[in-house]
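I set out to record what I looked up in this structure, entry by entry. The entries follow the order in which I consulted the model.

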Amino acid sequence: MNQYFFIFGFIGFFKFTIGCNPTVTTASGLLAPSKICSGDLIFEDNFDTIDEKTWMFDNTLGGGGNWEFQWYPGFDEENAFVRDGILKLVPTLTSEKFSEEFLYSGHAVIPDDQCTQSMWDGCDRRGSSDEIINPIRSIRLDSRYSFRFKYGELEIRAKMPTGDWLWPALWMMPFYDTYGGWPACGEIDLLEMRGNENLFDETVNVGINQAGSTMHFGPDPGHNGWPTAHANRNQIPPYTDGFHRYRLRWTPTQIQFFYDNHHINTVKAGEGFWKRGDFEALGLENPWINGTVM
Ligand SMILES: *[C@@H]1O[C@H](CO)[C@@H](O)[C@H](O)[C@H]1NC(C)=O
């Protein structure tokens, strides 16, 4: 018995001290591991159920600052549910839930303690013939309270939707406002695309055959260096055909984007994003002056 326990203990010791290669990845949030070794899988959701501890569902009429059409209703089972290990996000018409009349004369109020974004009249809107109530109910969910990370690899396996006006997106947003408001703390868009089947810019399909990745960064909304960190990929068959793997690899010196095995873009930190955006030439103040190049 003694020997058995000795050997068992030795293997544990060996694994603990030599098996953990250090990593630059850091993570926080309710579900983040306290210790991370290089190569560890540190967050995963296969959507056998929807765990409301993991996911925060946006509950707002705010429309993302672009007066977008969607009303994010929180966790509404009409718009978000799981089937066979797949999270389905299904937009519905507001007029079907209430009435056509509601769009033009209704009053939508989300109580303060449930509303997740009050900007852009996000918690209270009245319909009129000039400005109707958001006509679509759709879903946005994020892991802000359960899991946040810096540096590492992220992969999302997903199937994109077809339909005019649809704009599916897979993003990473900053949790802290260390450097100020958007886009001073950055935004990493792993994927955005349009759901239109037949939308062309001259001869280029800018609908379901095109998807792109983008990083937003700059000292204020009027100064955003995103065009230097954006890339599209067109492909046949379209992104709406089956599931694809959308992946990013983030290190202290660069961020790379991949769709399946296709390289989409590599954004190198180089001498820093202030330089990349050419903001110095505009005489602006650098909020990142004390930060790293990334
Ligand atoms: C950078 O650090 C210096 C010295 O601590 C400080 O005075 C300055 O305010 C900081 N600048 C920014 C933009 O954080």
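The entries below cover confidence, a hairpin, two buried residues, salt bridges and a surface patch.

**Entry: confidence.** I first noted that the model is predicted. The chain averages a pLDDT of 94, and 94% of the residues score at least 70. I then looked up residues 1-15, where the pLDDT is below 50. Beyond near neighbours in sequence, this stretch has 2 contacts in the model.

**Entry: the hairpin of β5 and β6.** I looked up how strand β5 (residues 80-83) and strand β6 (residues 86-89) pair, and found the antiparallel sense, over 4 bridges. Ala80 stands opposite Leu89 in β6. The hairpin has 2 residues between the strands, and Asp84 takes a positive phi near 50 degrees there.

**Entry: Ile42.** I located Ile42 in the loop between β1 (26-28) and β2 (56-57). Is Ile42 buried or exposed? Its relative accessible area is 18%, so I recorded Ile42 as buried, the cut-off being under 20%. I then listed its contacts, leaving aside neighbours within four places in sequence: Thr25, Ala27, Leu31, Pro33, Ile36 and Phe147. For Ala27, I also looked up the C-alpha separation from Ile42, which is 8.4 Å, with the two residues 15 apart along the chain.

**Entry: Asn265.** I found Asn265 in strand β22 (residues 262-268). Asn265 counts as buried because its relative accessibility is 14%. Outside four places in sequence, I found Asn265 in contact with Ser213, Ala229, His230, Ala231, Ile255, Gln256 and Phe257.

**Entry: salt bridges.** How many salt bridges does the structure hold? I recorded 9, and looked up several of them individually.

I began with Arg140 and Asp58, whose closest N and O atoms are 2.8 Å apart. Arg140 lies in the loop between β10 (136-137) and β11 (141-142), and Asp58 in the loop between β2 and β3 (59-60), so the pair ties together parts that are 82 residues apart in sequence. The relative accessible area of Arg140 is 34%, and I therefore entered Arg140 as partly exposed. Asp58 is buried, with a relative accessible area of 2%.

Next I looked up Glu78 and Lys97, whose side chains meet in a salt bridge at 3.3 Å, N to O. Glu78 is in the loop between β4 (70-73) and β5, whereas Lys97 is in helix α2 (residues 94-97); the pair links distant parts of the chain, 19 residues apart. Both ends proved partly exposed: Glu78 has 46% relative accessibility, and Lys97 has a relative accessible area of 36%.

My third pair was Arg247 and Glu153, with the closest N and O atoms 3.8 Å apart. This pair also links distant parts of the chain, from Arg247 in strand β20 (residues 244-250) to Glu153 in strand β13 (residues 152-158), 94 residues apart. Arg247 counts as buried, at 14% relative accessibility. I also traced shared partners, and found that salt bridges join Asp76, Glu78, Lys97 and Arg137 into one network.

**Entry: a nonpolar patch.** Which residues make the nonpolar surface patch of about 570 Å²? I listed Leu30, Leu31, Tyr145, Phe175 and Tyr176. I followed up Phe175, which I placed in the loop between β14 (169-172) and β15 (187-193). Its relative accessibility is 36%, so Phe175 counts as partly exposed. I noted finally that Leu31 of this patch is among the contacts of Ile42.

Key: Residues numbered from 1 in each chain as written. Predicted model: local features only at pLDDT ≥ 70, side-chain atom pairs only at ≥ 80, totals over all residues. Heavy atoms only, no water. Patch = residues over 30% accessible without salt bridge, like charges linked within 9 Å, V, L, I, M, F, W, Y side chains within 5 Å. Areas by Shrake-Rupley, 256 points an atom, 1.4 Å probe, with all protein chains shown as cover. Salt bridge = Lys/Arg side-chain N within 4 Å of Asp/Glu carboxyl O. Buried < 20%, exposed > 50% of the residue type's maximum accessible area, 1.4 Å probe, protein only. pLDDT = per-residue confidence, 0-100. Contact = heavy atoms within 4.5 Å. Pairing = 2+ DSSP bridges.
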